[in-house]
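Student: Could you take me through one part of this model closely? I would like to follow the packing around a pair of neighbouring helices and then see what lies elsewhere.

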Amino acid sequence: MKSLLKFWATVTGGLVFIWGWLRLYDKALANDDGWLGVINLNALLGYLLAVVLLLAATTLGTRSRYHWLANLSASLFGLSLFWILAEIVCFALIKTGISDAPVPFHSRLKLNPGWISYEKQFWGDVSPEFGRWRLPNSSIRVPICSGDTVLLTSNSYGMRDAERQLANPGTKKRAVLLGDSFMEGFMVDASLRYSNLLEAKTDCEHLNFGINGTSPINYFLTYKYLAERFEHDVVIVSLLPANDFEDVTAESMNRVNGQISLLKYPIYRPYWAGDQPNVKLNYTLANVNQSVAAPVNRQQPVRVQESVDSVYHTLPVGKKLRAEIELNSYVYACAMNWAGESAESDSKPKNSFVKESFESRWFDFG
């Protein structure tokens, strides 16, 4: 027992010693951010210590004079070794392409390449009130289906529109338009959008506040905090009875999958919590600057990882364990991939554009 205890103490001490040297190297020769390349040194130590302590506890337990404890420890030790071997096998299957299961995110352990973008930003999580919007006075050229490209520009308010005045500059009525990609005219030249065509046809200003990737709650908040400031007579809201109603909800945020999604890609989205008439406005993150799509984080993925940790520490113990498995386990990734491929092909579609699905959900929004 003493020799076994000494062995595991030596292993634990060795890990801490190596971690200490790596942290010293990071402090003295790197940027002292607790990372070595893309690896979070503190998280790495935590994971390794968890494995060592599990193996140490089970092996020491096998030496117990209580038979039930010795048997239980032996079983747990065997299960642990089997799990580690299975992880190695599944890792090899995924890395060699034999399995098309997705690689786990490891978002608490390392920086995700999907968080890093050095391309010019046009859209993003910009507004603390309504979230997704555009950077003001910006432009970007995007490819379109024909193989050509189209230039998108924003005015000083972040609208993809001509420069507008808060006061109506004329005597004719002025309209405010709200919606998502259809209203914005995503991948469409501005002159061909129906807001521009209506303006040309009626000689009345049609102010376009559409923004792709949003839903009715964003339309409401965009109107409340921005569009309402512009003098207008008419409000036009564009709705697509499909994914417009497939957005973040209080129910989805209370589910493990909804919370784990934020550990993969922390985005800032508004949602309603509570029941009518006692509802309140919540956001998926504490502030907009925690979002992977916030301009301040576009080239600083370490800041995104800090947001991931912030979300992780709000989870109860059971959900933390579930999150660790889903974020790090190759066995879990392979099992979920196999389960998905084995599912019956006639399962119900999830898109609410399907008649029975949309009609059944419509009353939830009435």
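Tutor: Here is a walk through helices H8 and H9, followed by the core, the salt bridges and a few surface features.

A word on the basis first: this is a predicted model, in which local features need pLDDT of at least 70 and side-chain atom pairs count only at pLDDT 80 or more, while totals for chains, interfaces and linings use all residues. Residues are numbered from 1 along each chain as its sequence is written, and side-chain values use heavy atoms, with hydrogens and water left out.

Let's start with H8, which covers residues 256–264. Helices (H or I, at least four residues) and strands (E, at least two) are DSSP runs, numbered from the N terminus. Seven of the nine residues of H8 are buried, so the helix is largely enclosed by the rest of the structure. Here buried means under 20% relative accessible area, exposed means over 50%, and partly exposed is in between (1.4 Å probe, protein chains only). The buried residues of H8 are Val256, Gly258, Gln259, Ile260, Leu262, Leu263 and Lys264. They pack against H7, H9 and H10, where contact means heavy atoms within 4.5 Å.

Now to H9, residues 301–312. Its end C-alpha atoms are 17 Å apart, which agrees with the 16 Å that twelve residues should span at 1.5 Å a residue; the expected span is 1.5 Å times one less than the number of residues. On the buried list for H9 are Pro301, Val304, Gln305, Ser307, Val308, Asp309, Val311 and Tyr312. These residues pack against helices H8 and H10 (317–328), and also against strands E1 (35–36) and E2 (39–40).

Both helices also feed the largest nonpolar core, which has 22 residues. A nonpolar core is a set of buried Ala, Val, Leu, Ile, Met, Phe, Trp, Tyr and Cys residues joined through side-chain atoms within 4.5 Å. The members that touch the most others are Trp115, Ile260, Leu263, Tyr271, Val311, Leu315 and Ala323. Two or more residues each come from H7 (250–254), H8, strand E10 (270–275), H9 and H10. A second, separate core holds 20 residues, including Phe130, Trp133, Val142 and Ile217. As general background, nonpolar side chains tend to be buried together in soluble globular proteins.

Charged pairs add to the picture around H8. Taking a salt bridge as a side-chain nitrogen of Lys or Arg within 4 Å of a carboxyl oxygen of Asp or Glu, the count comes to 15. Glu326 forms one with Lys264, with the closest N and O atoms 3.2 Å apart. That pair links distant parts of the chain, since Glu326 is in H10 and Lys264 in H8, 62 residues apart. Lys264 is on the buried list for H8, and Glu326 counts as buried too at 15% relative accessibility.

Another bridge joins Asp125 and Arg269, whose closest N and O atoms are 2.7 Å apart. Asp125 lies in strand E3 (residues 123–127) and Arg269 in the loop between H8 and E10, so the pair ties together parts that are 144 residues apart in sequence. Both Asp125 and Arg269 are buried.

Compare the bridge between Glu251 and Arg255, where the closest N and O atoms are 3.7 Å apart. Here Glu251 is exposed, with a relative accessible area of 58%, and Arg255 is partly exposed at 43%. Elsewhere, Asp161, Arg164, Arg174, Glu199 and Glu205 are linked in a network of salt bridges.

Finally, some surface features. Asp32 is not a glycine, yet its phi is positive, near 55 degrees. Asp32 sits in the loop between H1 (2–29) and E1 and is partly exposed, at 37% relative accessible area. Asn137 also has a positive phi, near 50 degrees, in the loop between strands E4 (131–134) and E5 (139–143), and counts as exposed at 58% relative accessibility. In E5 you will find Pro143, which is exposed with a relative accessible area of 57%. Leaving aside neighbours within four places in sequence, Pro143 is in contact with Asp148, Thr149 and Met187.
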